[in-house]
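Trainee: I should like to go through the charged side chains of this entry with you. May we begin once the sequence and model are displayed?

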Amino acid sequence: MIFNKAEYIDWKNAPVTKAFFSACKEREEELVERLVGSTENDSSFWLRGNINAYREIVDFRVDFEEENEDVEAPITQSSG
């Protein structure tokens, strides 16, 4: 599926997309809390990997997005 700029903007601003990105941000924050309370072991490496994966999802941007005011930020508030 190929998106044009207008379709991407509509998708990015859709409530379901915002809910998805918000849920990813919440999971990232939960994992950070778990990591802070863990000791250095195999699960801490797993936690770090998952934290990085969620950050990549949340931070994803297309080239025009940084300069386009029509695309709102996917995360508008922290759930913390």
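Trainee: Is Arg 27 buried, partly exposed or exposed, and what is its relative accessible area?

Mentor: The model is a predicted one. Buried residues lie under 20% relative accessible area and exposed ones over 50%. Arg 27 falls between these limits and is therefore partly exposed, with a relative accessible area of 33%.

Trainee: With which residue does Arg 27 form a salt bridge?

Mentor: The closest N and O atoms of the pair are 3.9 Å apart, and the criterion is a distance within 4 Å. The partner is itself partly exposed, at 27% relative accessible area. That partner is Glu 26.

Trainee: How far apart are the closest N and O atoms of Glu 28 and Lys 25?

Mentor: Both residues belong to helix α2 (residues 15-36), where a spacing of 3 residues separates them by about one helical turn. Glu 28 is buried at 6% relative accessibility, whereas Lys 25 is partly exposed at 24%. In their salt bridge, the closest N and O atoms are 3.5 Å apart.

Trainee: Which residues are joined into one network by salt bridges that share partners?

Mentor: Glu 28 also forms a salt bridge with Arg 55, with 2.6 Å between the closest N and O atoms. Glu 28 lies in helix α2 and Arg 55 in helix α3 (residues 42-59), so this pair ties together parts 27 residues apart in sequence. Arg 55 is partly exposed, with a relative accessible area of 36%. Through shared partners, the network joins Lys 25, Glu 28 and Arg 55.

Key: Residues are numbered from 1 along each chain as its sequence is written. This is a predicted model: local features need pLDDT of at least 70, side-chain atom pairs count only at pLDDT 80 or more; totals for chains, interfaces and linings use all residues. Side-chain values use heavy atoms; hydrogens and water are left out. A salt bridge is a side-chain nitrogen of Lys or Arg within 4 Å of a carboxyl oxygen of Asp or Glu. Helices (H or I, at least four residues) and strands (E, at least two) are DSSP runs, numbered from the N terminus. Buried means under 20% relative accessible area, exposed over 50%, partly exposed in between (1.4 Å probe, protein chains only).
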